There are 2 protein chains.
Amino acid sequence: MTQELVKAFLKPLQKEEALNLTGGKRGRITIHEVASAAGVSISTASKALNDTGRMGAETRERVKRIAGEIGYRPNALARGLLSKRSFTIGLLTTDTYGRFTLPVMAGISDALVDHGVSVFLCAIEDDPALAQTHVDAMLDKQVDGIIATGKRLDRRLPVDLSNLHVPVVYAFTEGTQNSVTFRSDDEQGARLAVEWLAKIGRRRIAHITGPEEFFSVRERAGAYHEVAGHREPVLYGVWSESWGHDAVEQLWKRPGEKPDALFCGNDQIARGAVDALRERGIKVPQDVSVIGFDNWEIVAAQTRPPLTTVDMELKELGRQAGLTVLALAEGRPVEPGVRKLPCRLVVRQSCGGKPPGNETKE
Amino acid sequence: MTQELVKAFLKPLQKEEALNLTGGKRGRITIHEVASAAGVSISTASKALNDTGRMGAETRERVKRIAGEIGYRPNALARGLLSKRSFTIGLLTTDTYGRFTLPVMAGISDALVDHGVSVFLCAIEDDPALAQTHVDAMLDKQVDGIIATGKRLDRRLPVDLSNLHVPVVYAFTEGTQNSVTFRSDDEQGARLAVEWLAKIGRRRIAHITGPEEFFSVRERAGAYHEVAGHREPVLYGVWSESWGHDAVEQLWKRPGEKPDALFCGNDQIARGAVDALRERGIKVPQDVSVIGFDNWEIVAAQTRPPLTTVDMELKELGRQAGLTVLALAEGRPVEPGVRKLPCRLVVRQSCGGKPPGNETKE
DNA sequence: ATTGAATGAGAAAACCTTTTCTCACTTGAC
DNA sequence: GTCAAGTGAGAAAAGGTTTTCTCATTCAAT
């Protein structure tokens with residue numbers, strides 16, 4: 001037993017010296033260093049660190065301890081070369097502004113960081129050539145998968161991802177046949193908003209929204225009609241504050257009874273509407289309730305009064321997209337199709353009805 | 001000559017068959033496939049594709065052509081393993097909101113995409129553990145460098161990057177000793193704003209800004225005093241619309257002559273100020289000029305009237321940070337120190353003076 | 001004809017890690 | 001005292017690419 005011990009202590013020293021003389025490399029610490037410091041072979045070191053193979057418990061512990069002490073971290077490139085997994089995914093987005101991409105990104109990162117996966121972010125405007133460049137770069141780097149995201153549910157990315165040999169998941173953008181797509185349930189979100197207005201006693205609910213060619217606009221308008229009926233008009237326009245402002249002008253110029261609630265297609269429109277109402281001396285929420293869509297903090301929370309609005313839970317959407325692409329990368333089966341994630345109502349002060357306080361934060 | 005040709009055509013075919021039989025691999029196309037398809041060795045294929053080594057022009061062309069035809073793309077992992085360059089950098093940010101990070105990111109990506117470099121985006125709130133996790137993951141993946149960015153010039157990231165063996169560049173956040181840091185020249189930006197107001201004839205310029213503990217607030221206030229003197233007060237507050245609103249109330253409640261211009265610390269404050277002025281029946285820009293800071297499109301362009309504001313050129317800042325980290329990664333020398341990048345005045349309608357039209361877009 | 005250089009192309013090592021296979025040694029049973 | 005089984009650990013291959021070294025051939029010059 002003593003002999004073995006002596007051997008065990010002599011051997012590493014010899015190797016160490018030899019190695020230090022030859023390879024005074026400035027580079028990172030490799031498993032080579034660990035092995036020689038621990039007086040074992042590379043294979044044993046590897047097996048010790050990965051809890052695989054057969055070896056004495058003492059050896060395993062010693063290798064692990066020494067690896068920790070000298071700060072060994074395995075080279076992901078070398079590991080990936082063999083395992084065919086780079087622990088890297090690509091996020092492709094057309095939303096340069098970041099309004100939708102950032103929460104999605106946060107969710108993805110959040111879901112994947114525990115799995116050691118990093119995310120390449122590539123903002124491709126609507127430039128097919130740029131998109132292709134980025135996709136190529138990602139594939140060269142052996143990404144385990146790609147998540148495509150955009151700023152519109154009904155738009156495709158300017159690059160075809162359908163025949164890649166890595167899994168692709170679509171989030172908040174239109175996917176291809178037989179792909180997995182995550183999107184918000186705008187219908188349910190709109191219903192949530194209108195039902196809330198109804199619940200707090202509003203009866204004349206108008207809907208001011210974006211361009212009718214947006215799929216989500218039509219979906220939201222559909223749900224609005226289902227719940228609110230057809231008593232008040234739907235005003236289609238653009239996604240801007242000034243349109244919200246103008247729409248209120250239009251509504252209040254019409255003869256007859258005025259709406260007692262406005263369901264707006266996004267927070268910017270809602271904000272424009274609130275401003276217009278205030279200018280007309282109409283009190284929000286006492287006289288008219290206003291509800292937005294998106295829960296874009298910077299707009300919704302800074303409006304006076306702060307906007308009650310519908311949150312599309314984009315972070316959760318990103319989280320699920322991340323987990324899904326990971327599952328696909330690991331070969332686990334995933335049912336293709338479109339998954340609609342429910343929206344959530346964020347109650348602030350622009351509707352009245354219920355006191356603030358249950359407002360959930362981002 | 002004919003014999004050689006025949007040989008050249010026979011050889012690849014034989015090899016091809018052999019390879020197809022043995023290795024019906026589902027994986028990507030490797031240089032192996034290129035070599036056998038072209039009837040040359042791997043080494044020759046590599047040299048042909050990289051324009052290195054000695055070989056006949058015809059061989060080189062043939063290899064290149066065939067590589068193109070069968071869609072060969074080199075495996076960046078394998079390449080990186082040898083070359084010690086992963087053509088990957090990490091972007092670390094504490095700005096989860098993306099207000100500052102996104103333009104910076106766009107600039108970095110823009111500058112580096114041509115060099116084949118991809119960017120890992122890691123949003124670390126203020127969580128040191130999360131930050132360390134991300135940094136470790138990046139280092140494991142052998143990033144060629146790291147860019148650290150934040151939402152405040154005078155704050156450090158919650159993780160120490162000073163002794164990494166990869167280059168680190170700081171952008172819009174405080175760097176460490178002997179590092180390269182890029183930041184906006186807030187002093188010059190503020191001067192730009194105040195001088196513009198003076199130029200269009202304003203004499204009583206007040207300054208409504210953020211918390212005094214922000215370095216950039218003090219810098220901007222300093223420049224403001226230099227140009228405008230001390231006739232009007234500086235109102236320190238928070239970075240919100242409501243503070244802009246309140247500050248105007250304060251200013252107009254005071255006895256005596258009122259300001260004819262407001263230089264605001266950011267666009268949100270400016271917007272709140274504009275709203276407050278309108279509520280008081282004061283016309284912008286006829287009675288009072290208002291100027292913001294940040295050129296945050298979503299706020300600046302949607303304000304009525306649209307805000308004249310100072311753009312910090314964050315995209316350019318990102319571009320330079322990207323090129324710098326690349327230079328460092330390639331071993332080119334870079335002078336350490338803080339580089340201040342000039343701001344740019346974006347003229348919209350909230351100041352009057354000059355008709356709109358020279359507004360530059362993002 | 002023989003040498004020398006120049007040319008074209010391949011063999012092999014290297015990068016770092018994981019995994020499979022093999023080998024030597026110990027232990028318990030006969 | 002021999003055998004079988006079990007145990008601990010190392011050798012070697014693999015992954016895809018680049019690079020250096022070596023070899024064989026050609027051609028010009030002696």
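Which residues come nearest to DNA strand D, of the 29 around it? They are A:T44, A:R54, B:I31, B:Y72 and B:R79. Keep in mind that this is a predicted model. Of the strand D atoms that come within 4 Å of the protein, 52% belong to sugar and phosphate.

Now the individual contacts. Start with A:T44. One of its polar side-chain atoms sits 2.5 Å from a phosphate oxygen of DNA strand D. On chain B, a side-chain N or O atom of B:S46 is 3.0 Å from a phosphate oxygen of that strand. A:S43 goes to a base: a polar side-chain atom lies 3.0 Å from a base nitrogen of DNA strand D.

Which elements give two or more residues to this surface? In chain A, helix 3 (42–50) and helix 5 (76–83). In chain B, helix 3 (42–50) and helix 5 (76–83) as well. Helix 3 of chain B gives the most, with five residues. By type, the surface near strand D has eleven nonpolar, ten polar and eight charged residues.

Next, the two protein chains. A 180° rotation, with 0.0 Å of shift along its axis, puts chain A on chain B with an RMSD of 0.1 Å. The copies are therefore related as by a two-fold rotation axis. In chain A, the C-alpha nearest that axis belongs to A:F120, at 2.3 Å. Both copies use the same surface: 100% of chain A's contact residues recur in chain B.

Last, helix 13 of chain A, residues 314–329. Its 16 residues reach 22 Å from first C-alpha to last, close to the 22 Å expected. Buried residues in this helix include A:L314, A:L317 and A:A321. After the helix comes A:G331, with a positive phi near 85°.

Methods
Residues numbered from 1 in each chain as written. Chains lettered and ligands numbered in written order. Predicted model: local features only at pLDDT ≥ 70, side-chain atom pairs only at ≥ 80, totals over all residues. Heavy atoms only, no water. Least-squares fit on C-alpha atoms with pLDDT ≥ 70 in both. Contact = heavy atoms within 4.5 Å. Helix = DSSP H or I, 4+ residues; strand = E, 2+ residues; numbered from the N terminus. Expected span 1.5 Å × (residues − 1). Buried < 20%, exposed > 50% of the residue type's maximum accessible area, 1.4 Å probe, protein only. Near = heavy atom within 4 Å. Polar contact = N/O pair within 3.5 Å; in protein donor to acceptor, adjacent residues only side chain to side chain. Nonpolar A, V, L, I, M, F, W, Y, C, P; charged D, E, K, R; others polar.
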